[in-house]
Amino acid sequence: MSSNSVCIIGAGISGLTVANNLVNAGIEVTLVERNPYPGGRALFYGCKASDSCVHCGVCLIREAVMNFRRTHNIKSQFSSELTGFSRSNGEGILLEIETHPNIIDWRLCTECGKCIEACPENAVKIAPGWKYYVDSGCNDCGKCVDVCPEGAIALKRESMRESIHADCLVIASGFKPFDPSVNRKWSYGESPRIITGSDLEELFYTENYLPGVVKKSDCKRIAFLQCVGSRNVTEGGEYCSRVCCAYALQMAGRLKDEFPHTEIDFYYMDIQHFGKDFESFFGDVSRKVNFINSNPITFSVDRADRPVVRYESITEQKDKEEAYDLVVLSNGIAPGDKNEALAKMTGLSLDKSGFLYAMNGMGGVFVTGACKQPMRIEDCIEDATGVTGEVLSYLEERVQVK
Ligand code: SF4
Ligand code: SF4
Ligand code: SF4
């Protein structure tokens, strides 16, 4: 048993940053991730650079994943979750981890791609910067096993439980995007022309930029609606999600570059400033996008199946309506769906919105990243770097006490 071992829950940008910093400081690290790949949700976001980098941070995640691939001294457990937590008599923490085995062993996989070609269900997927994994579409036909030259695929399905000891626990379990289908007023799911910012992120990742139903040549008008699921107690939280102004403006600017003849309207209550280059970035986007300061909105769909936005213009003090080819609901950050279980298990508190709250270091438990409050990618890296310092101080004090 090492006297300096840390378990990290979550291999998104925050967890990867802490893991990388700690192994560089000579600490033994176990990284537990529920997906079969590292990088978290934002691994499937697309770059939003226009003429120059707009600091969306997506490349930083790919870089962290590539670094992780090159680092051999982090013990990683994918498709795994924390299921038990107890303190072991002043000797640190005892953790129970449940693993649902990965069908593809990433350490053996050489990325030849034969399994993708062989799979009749399109169930073999690639995570960017990472390797291949199998999703829930798999029907156990075994064709991928037959073609894999490395013996990297095993169709075993039984879950395993393992107990591990750690001197402290870092929770970096991330967030979930707000789901606008919980409120019919957003009409999400009722028209393929109404999508979320999260959906658009994935379209950027595939470099398609528009959903299939919207043809590039017909796309004359796009609307972005801000604060969807944020700053509203009755549906999401009353907090500002802090990320959606940034990603929506970055995507709007990029779309205008891709489709210069498309008009883009940006409905907002306030614009959240972000990053040190905000002023020059905002000046650039302002030349591409029409800003409409408005109060909350209702929708309908017109005879041509286009979403119609009804709003109260704050500047003109009157109700107006506009039809669009595509509406993007800039959905905010909601607390991760495991927050409550993690809080119960580890003795942490939740704040009134459901984010994890910790006095970092109390009882050897630390919290970092978007599981404790909405954060942009760059902010997550900064926070994780600060938390690494706190973990190292905690470990040093423990050694001195011993
Ligand atoms: S066939 Fe095997 S080695 Fe090739 S990509 Fe698939 S899992 Fe990896
Ligand atoms: S077992 Fe069959 S369905 Fe499943 S991933 Fe392999 S080839 Fe695809
Ligand atoms: S970041 Fe912008 S869009 Fe998101 S909740 Fe805050 S003000 Fe609204």
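Hi everyone, one definition before we start: when I say helix, I mean a DSSP run of H or I with at least four residues, and a strand is a run of E with at least two, both numbered from the N terminus. With that in hand, H5 is the helix followed by glutamate 207, and the phi of glutamate 207 is positive, near 60 degrees. Please keep in mind that what you see above is a predicted model.

Let me begin with the overall layout. The chain splits into two domains: domain 1 is made of 5-100 + 159-174 + 336-401, and domain 2 runs over 178-333. Their C-alpha centres are 32 Å apart. At the contact, domain 1 contributes 20 residues and domain 2 contributes 23 residues. Between them, the two domains bury about 1,700 Å², with 57% of that on carbon and sulfur atoms. Which residues of domain 1 lose the most area to domain 2? They are Lys48, Pro374 and Arg376, and together they account for 33% of what the domain 1 side buries.

Now, a couple of stops in domain 1. Serine 5 sits in strand S1, residues 5-9. Its relative accessibility is 5%, so serine 5 counts as buried. Setting aside neighbours within four places in sequence, serine 5 is in contact with Ile27 and Glu28, and also with His165, Ala166, Asp167 and Cys168.

Lysine 75 is in strand S3, residues 74-77. At 39% relative accessibility, this lysine is classed as partly exposed. Its contacts, again without the neighbours within four places, are Val29, Thr30, Leu31, Glu162 and Ile164. Lysine 75 and alanine 19 are 56 residues apart in sequence, and their C-alpha atoms are 9.8 Å apart in space.

On to the ligands, which I suspect some of you have been waiting for. What surrounds ligand 1? The shell contains Cys109, Cys112, Cys115 and Cys148, along with Ile104, Thr110, Glu111, Gly113, Lys114, Pro149, Glu150 and Ile153. By class, that shell has 7 nonpolar, 2 polar and 3 charged residues.

Ligand 2 has 13 residues around it, and the closest are Cys119, Cys138, Asn139, Cys141 and Cys144. Here the division is 8 nonpolar, 2 polar and 3 charged.

While we are in this part of the chain, have a look at asparagine 122, in the loop between helix H3 (114-118) and strand S6 (124-126). Its phi is positive, near 55 degrees, in a residue other than glycine. In general, most residues other than glycine have a negative phi. Is asparagine 122 buried or exposed? It is exposed, with a relative accessible area of 54%. Serine 187, in the loop between S10 and S11, also has a positive phi, near 55 degrees, but serine 187 is buried, at 10% relative accessible area.

Ligand 3 has cysteines in its shell too, namely Cys227, Cys240, Cys244 and Cys245. The other residues around it are Gln226, Ser230, Arg231, Ser241, Arg242, Val243, Asp270 and Gln272. Strand S12 (221-228) and helix H6 (244-258) each supply at least two residues of this shell. The classes here come out as 5 nonpolar, 4 polar and 3 charged.

S12 is worth a second look, and isoleucine 222 lies in it. This residue is buried, with a relative accessible area of 0%. Isoleucine 222 touches Leu210, Leu255, Thr262, Glu263, Ile264, Asp265, Tyr324, Leu326 and Val328, leaving out residues up to four places away in sequence.

S12 and H6 also appear among the partners of H5, residues 197-205, whose buried residues pack against them and against strands S10 (175-177), S11 (194-196) and S17 (326-331). The buried residues of H5 include Leu200, Leu203 and Phe204.

Last stop: helix H7, residues 278-286, where Phe278, Phe281 and Val285 are buried. Why are these three on the same side of H7? They cover an arc of only 70 degrees around the axis, which puts them on that one side. As a reminder, an α-helix has 3.6 residues a turn, so residues three or four places apart point the same way. Glu279 and Ser280 are exposed, on the face of H7 turned away from the buried side.

Thanks, everyone, and I am happy to take questions.

How values were computed: Residues numbered from 1 in each chain as written. Chains lettered and ligands numbered in written order. Predicted model: local features only at pLDDT ≥ 70, side-chain atom pairs only at ≥ 80, totals over all residues. Heavy atoms only, no water. Near = heavy atom within 4 Å. Nonpolar A, V, L, I, M, F, W, Y, C, P; charged D, E, K, R; others polar. Buried < 20%, exposed > 50% of the residue type's maximum accessible area, 1.4 Å probe, protein only. Arc of directions from axis to C-beta. Domains from an automatic or database assignment. Contact = heavy atoms within 4.5 Å. Buried area = accessible area lost by both parts, 1.4 Å probe.
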